Amino acid sequence: MKIGIIVHSMTGNTSLVAERLKNRLEKEDHEVFMERLKIIGGEDKNQQDANKIGIEPLETPLEEMDLLIFGGPVRGFQASPAIKALLGKVEGLEGKDTMIFVTHAFPFNWMGGNSSIKQMKSICTDKGANILFTGIIDWKNSKREMQIDSLVGSITRKTSGIAL
Ligand SMILES: Cc1cc2nc3c(=O)[nH]c(=O)nc-3n(C[C@H](O)[C@H](O)[C@H](O)COP(=O)(O)O)c2cc1C
């Protein structure tokens, strides 16, 4: 199937997870399009207002994808404003199989991970997306590698259950 992985990543953590996912899904013979958001004017990490962030048009033809996976970092206990800006504007999520993940640094998921997933999920479901999976990677956890392997494994298994 065609899978689009769209991430916001400033320091590279989220995109590293996306790359691992892409490599694994390609081994399962999926056609994977991975794209990192480009913010117009460059990234200002202090900008928390999604309405003030412009995203360059995506190169990935989202409408052609059988599955979309959105990822981003936690910022100030919330989903990153850039991924919120994208999700707020993106079209064509009605009925689309969709997965979501975030990366964060603080040691507990209640310190931003859970609320970020909730926000991203809410924007997507309001647009009619069919959420199949959500995941959180705790970047400073000593078991991070296991968490990434587990997320990649779970997503890969779920894709094999999607009927086209
Ligand atoms: C401005 C800013 C705010 C952040 N706020 C949080 C936070 O509230 N909770 C958290 O766990 N991590 C927070 N982080 C850490 C990032 O979520 C974490 O390092 C993430 O993996 C970065 O992903 P990236 O490398 O893809 O940008 C923050 C980082 C930055 C730069």
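Start by selecting T11 and the ligand: an N or O atom in the T11 side chain sits 2.3 Å from an oxygen atom of the ligand. Keep in mind as you look around that this is a predicted model.

Next, add H104. Its side chain places an N or O atom 3.1 Å from a ligand oxygen. Then pick F106 and show its backbone, where an N or O atom is 2.7 Å from an oxygen atom of the ligand. With the ligand still selected, turn on a surface: of the 650 Å² of accessible area that the ligand has on its own, the protein covers 83%.

Now widen the selection to the whole shell. The ligand has 17 residues around it, and those that come nearest are S9, T11, T14, V74 and F77. Colour the shell by class and you should find 8 polar, 7 nonpolar and 2 charged residues.

Which elements each supply at least two residues of this shell? Select α1 (13–27), β3 (67–75) and β5 (97–104) to see them. Of the elements, β3 gives the most, with 3 residues. If you display pockets, the space taken by the ligand is the largest pocket.

For the last stop, leave the ligand and select K38 and E59. Their side chains form a salt bridge, 3.7 Å from N to O. K38 and E59 both lie in the loop between β2 (31–36) and β3, so this pair ties together parts that are 21 residues apart in sequence. If you would like to keep exploring, the model has 8 salt bridges to look for, counted with this one.

How values were computed: Residues numbered from 1 in each chain as written. Predicted model: local features only at pLDDT ≥ 70, side-chain atom pairs only at ≥ 80, totals over all residues. Heavy atoms only, no water. Near = heavy atom within 4 Å. Polar contact = N/O pair within 3.5 Å; in protein donor to acceptor, adjacent residues only side chain to side chain. Areas by Shrake-Rupley, 256 points an atom, 1.4 Å probe, with all protein chains shown as cover. 1 Å grid on protein atoms, 1.4 Å probe; cavity = no way out; pocket = protein on both sides within 12 Å on 5 of 7 lines; lining within 4 Å. Sits in = over half its atoms within 2 Å of the grid points. Helix = DSSP H or I, 4+ residues; strand = E, 2+ residues; numbered from the N terminus. Nonpolar A, V, L, I, M, F, W, Y, C, P; charged D, E, K, R; others polar. Salt bridge = Lys/Arg side-chain N within 4 Å of Asp/Glu carboxyl O.
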